[in-house]
Amino acid sequence: MDVSDAALLLAAGLAAGTVNAVAGGGSLITFPAMIAVGLPPVPANVSNSVAVFPGYVASVAGSRQDLPPRRMLATLVPTTIVGTIVGALLLLATPARAFELVVPFLVLGATAVLAFQDPLRRLVGHPRDLAPRRRTVTVQAMVAVGAVYGGYFGAALGVMLVAGLALVLDATLARVSALKNLLSALVGLTTLVVFSLFGPVNWAAVAVVAPATLVGGYAGARLVRRLPPVVLKVLIVVFGTSIGLYLLWRALG
């Protein structure tokens, strides 16, 4: 790795950490950067998953005041860890081509859910009107699907989590974003352990990207707390749509 490669990865990590905290999808900055410096796709994907983890931790620190009660968090931790392990093992054990074709539609679908959140709530019922057991099961299902996706690919995980959780939680978008940050950090920690043990991690690339995502993640989380809900939603929808279309173009190219 020469100086220009390191500079590219450093800039990508800083931008990705900020984007992950605000909307999710920062991996679509760092993953192509790792490809650009010469890493094959699978090592790039694995190394990217490990490298962005510090940024998620910084996002949690920056949004900790908006986190939900610890009792709720404790019930989501096992689901997140198990789902992430399933997704990570799928990545290591199966061809990625079929999933690459599905991913763009998952991202675009999640973005559409967030964009049309209010009409969908009128159709399926507002979270405060759901029975407690049904609300709990629905939240667990959303988290499980997101964790499997995050363990397998991870890009736009934040968009998917925000869209799903905003539909089933009676909370402000800032609080949903804070929960998204914590769940993303758990996904990142789990993939770090799995890929460190079994995956082809390029530790030189991780050493450059990880500190940059740390700085960007904290800055982005502080920015989220200052953005009006409407502006935050528009940013996530625009970014999520862009990610989905980019992934679709790449999958069909």
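In this predicted model, helices α5 (70–93) and α10 (173–198) each supply at least two residues of a nonpolar patch. The patch lies on the surface and is formed by I81, I85, L89, L92, L189, V193, L197 and F198. Together these residues offer about 700 Å² of accessible area. A helpful place to begin looking is I81, which is found in helix α5. With a relative accessible area of 31%, I81 counts as partly exposed, because that class covers residues that are neither under 20% nor over 50%. The spacing along a helix is worth keeping in mind here: an α-helix has 3.6 residues a turn, so residues three or four places apart point the same way.

Away from this patch, attention turns to the interior. The largest nonpolar core holds 53 residues, and those touching the most other members are M34, Y149, L165, L183 and F195. Helix α9 (residues 157–168) contributes the largest share of this core, with 10 residues. For L165, leaving aside residues up to four places away in sequence, the residues touched are V139, V143, V176, L179 and L183.

Helix α3 (residues 41–51) is another element to explore, as a mostly covered one: of its 11 residues, 9 are buried. The buried residues in α3 are P43, A44, N45, V46, S47, N48, S49, V50 and A51. Their cover includes α2 (27–36), α4 (53–62), α8 (132–152) and α11 (203–224). Helices α5 and α10 are also among the elements that cover the buried residues of α3, and these two helices each supply at least two residues of the nonpolar patch as well.

How values were computed:
Residues are numbered from 1 along each chain as its sequence is written. This is a predicted model: local features need pLDDT of at least 70, side-chain atom pairs count only at pLDDT 80 or more; totals for chains, interfaces and linings use all residues. Side-chain values use heavy atoms; hydrogens and water are left out. A nonpolar core is a set of buried Ala, Val, Leu, Ile, Met, Phe, Trp, Tyr and Cys residues joined through side-chain atoms within 4.5 Å. Buried means under 20% relative accessible area, exposed over 50%, partly exposed in between (1.4 Å probe, protein chains only). Helices (H or I, at least four residues) and strands (E, at least two) are DSSP runs, numbered from the N terminus. Contact means heavy atoms within 4.5 Å. Patches are made of residues with over 30% relative accessible area and no salt bridge: like charges are joined within 9 Å, nonpolar side chains (Val, Leu, Ile, Met, Phe, Trp, Tyr) within 5 Å. Accessible areas come from the Shrake-Rupley method with a 1.4 Å probe; for residues, only the protein chains shown count as cover. A salt bridge is a side-chain nitrogen of Lys or Arg within 4 Å of a carboxyl oxygen of Asp or Glu.
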